[in-house]
Amino acid sequence: MTDHGSWWRHAVIYQIYPWSFQDSNGDGIGDLPGIISRLDYLNDGTPHSLGVDAIWLSPIYPSPMKDFGYDVADYCAIDPRFGTLADFDRLVNEAHRRGIRVLMDLVLNHTSDQHPWFQASRSSRSSPKRDWYLWADPGARGGRPSNWTAVFGGSAWEWDRTTRQYYLHSFLKEQPDLNWNHPDAQEAMHEVVRFWLDRGVDGFRLDAINWIGKDSNWPDNPTRFFALRSYLRQIHHYDRDQPFTHTVLQLLRTWTNDYPGAVMVGEASSDTPGGPAAFYGKGTDELHMVFDFRMLKSSWDPQRFRRLIQQWDRAVPPGGWPTQVLSNHDNSRHYSRYSRGVDAETAARRARAAALLLLTLRGTPYLYYGEEVGMRDVRLRYRELRDPYTRRYWPFLRGRDPARTPMQWDRSPHAGFTAGTPWLPVSPDFERVNVAHEAEDRASILSLYRKLIWLRKTMPALALGSYREVPGGPPDCLIYLRETGGEVSERLLIVINFRPNPRRFSLPSIDAVGVILLSTDPHAAGESFDSAHVDLGPDEGILVRLHA
Ligand code: NOJ
């Protein structure tokens, strides 16, 4: 493959939740052969396919699946539910043959309690692996070492009866936190990184990075107002976000620098001090990309989006590169989020406008499987839920299972996902919302995603151009320019109407004419654009090439 350098700057990356993408053996769970069989859909080199440049696989390592793979029991193997290492090698080859790169999910903060490292660590206080994890004696009053709470509920400390100490787990009690201060634990993770990069993977998505640095004197966190989740009743001063995370990320950067083209994208909480951009370090010494989840957690609000986009664009230091993401496996799908309180037609138009936004902002877009066909959260009954976090807070919080249901391929039983019984129910809308149906329909949301992704490949300004907000438009429209200078100078204008009524206005600040390359309204007629007479339908977004 060519262009080793920073391929990820002009890439579109597609997140696959392996449990739900494609089952090949009828056990109701997605697997690697299933993913291979769908690679042509993702990119066959022609605009009939989606055209994504890379896939990020949520964890596929052997795991007791308490947290659906984010509890890793062996970092250098494949869970038999998903296939074998030979399947994995085939996936990497087949993906690369199509120009699709492959990113693994790397869970650094914790392992499964079934990982042999933890089994050894908990076996005795004198185990050489004891200090690979975070153990502490009871606190002064005889109880837990501190008031720290776990993200998924309850205390972050679990008592170990055999060795009579507590261990720390920031998530489930089956996910003990690793001690990144231990040189042998660090070296073991370095081997993991080499193992996958030597096998040909193109990089990693790093899980929960801002949990790595914590205060090992375990001071109590300050508490705050009441919230349903005990985790939110504390200010997480001491149990995460400590500067040591940067030391670890710098180390990881030196490890990946040995592999040209290898990339790291980190997941950090949006309320981490300094914001997620802090994990770019100086721009070239920590992560290549970091997720900013503020837009992913926001409602469909132009003022808020404007502010967040602006802040994010400015926060990323030179050398670093922004990401854009609206949905993932931990949150409600954006189609559902943006539809709250509006009718189905408005919701459908908003999902199309959101696609335009995601694929025209500055930064690498991350798509979550199924968003390109308009998949929504699925209403589930308690007995159908699988995720412990979703079960714990049901029915007060929607949780994560509704956004993890099987990919909708066609109208056959179980939407073509499995010949068996799917591990989570398929959405009841699958006969209408599916790949096969939409692939043939030029007005479908899938066709819109395809068009936008293929346009990005031919227009440097879309992928790499600068971002500049255009002032002077109505407050409920988002208006921005993407521009490249020099020999291939290109000026693109994006205008998105966030309201369900038509708009007419002029944009004196740009005073230009151009051609409308794409509208999110499949029936929009006009092709020419004049900034003196901007005309938008309800929730319509347009992409315009401005004449010089
Ligand atoms: C973030 C992951 O995205 C989520 O799915 C997981 O439960 C936690 N980190 C813990 O690994």
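**View 1. Cysteines and the disulfide count.** A disulfide is taken here as a pair of cysteine sulfur atoms within 2.5 Å. In this predicted model, that rule gives a count of 0 disulfides. Two cysteines serve to show the range of exposure. Cys76 is partly exposed, because its relative accessibility is 27%. Cys477 has a relative accessibility of 1%, so Cys477 counts as buried.

**View 2. The largest nonpolar core and a second one.** The largest nonpolar core holds 138 residues. Within this core, Tyr14 and Leu42 are the residues that touch the most other members. Helix H9, which runs over residues 344–360, supplies the largest share of the core, with 9 residues. A second core is separate and has 17 residues. Its members include Leu481, Ile510, Val534 and Ile542.

**View 3. Helix H12, residues 445–458.** Helix H12 has 14 residues, and at 1.5 Å a residue these should span 20 Å. The C-alpha atoms at its ends are 20 Å apart, in agreement with that expected span. Most of H12 is covered, with 11 of its 14 residues buried. At the start of H12, the buried residues include Ile445, Leu446, Ser447, Leu448, Tyr449 and Arg450. Leu452, Ile453, Trp454, Leu455 and Arg456 of H12 are buried as well.

**View 4. The largest pocket.** The volume of the largest pocket is about 1100 Å³. Its lining is made up of 42 residues. Nearest the centre of this pocket lie Val151, Arg229, Lys297, Asn331 and Tyr389. Sorted by class, the lining consists of 15 nonpolar, 12 polar and 15 charged residues.

**View 5. The second largest pocket.** The second largest pocket contains about 600 Å³ of space. It is lined by 25 residues, and Tyr335, Ala348, Arg352, Ala443 and Ile445 are the closest to its centre. Two or more lining residues come from each of H9 and helix H11 (435–439). H9 gives the largest share of this lining, 5 residues. By class, the lining of the second largest pocket has 9 nonpolar, 6 polar and 10 charged residues. Helix H9 thus appears in two of these views: it contributes 9 residues to the largest nonpolar core and 5 residues to the lining of the second largest pocket. Ile445 also appears twice, as a buried residue of H12 and as one of the residues closest to the centre of the second largest pocket.

Technical notes
Residues numbered from 1 in each chain as written. Predicted model: local features only at pLDDT ≥ 70, side-chain atom pairs only at ≥ 80, totals over all residues. Heavy atoms only, no water. Core = buried A, V, L, I, M, F, W, Y, C linked by side-chain atoms within 4.5 Å. Buried < 20%, exposed > 50% of the residue type's maximum accessible area, 1.4 Å probe, protein only. Helix = DSSP H or I, 4+ residues; strand = E, 2+ residues; numbered from the N terminus. Expected span 1.5 Å × (residues − 1). 1 Å grid on protein atoms, 1.4 Å probe; cavity = no way out; pocket = protein on both sides within 12 Å on 5 of 7 lines; lining within 4 Å. Points joined across faces, edges and corners; volume = space filled by probe spheres on them. Nonpolar A, V, L, I, M, F, W, Y, C, P; charged D, E, K, R; others polar.
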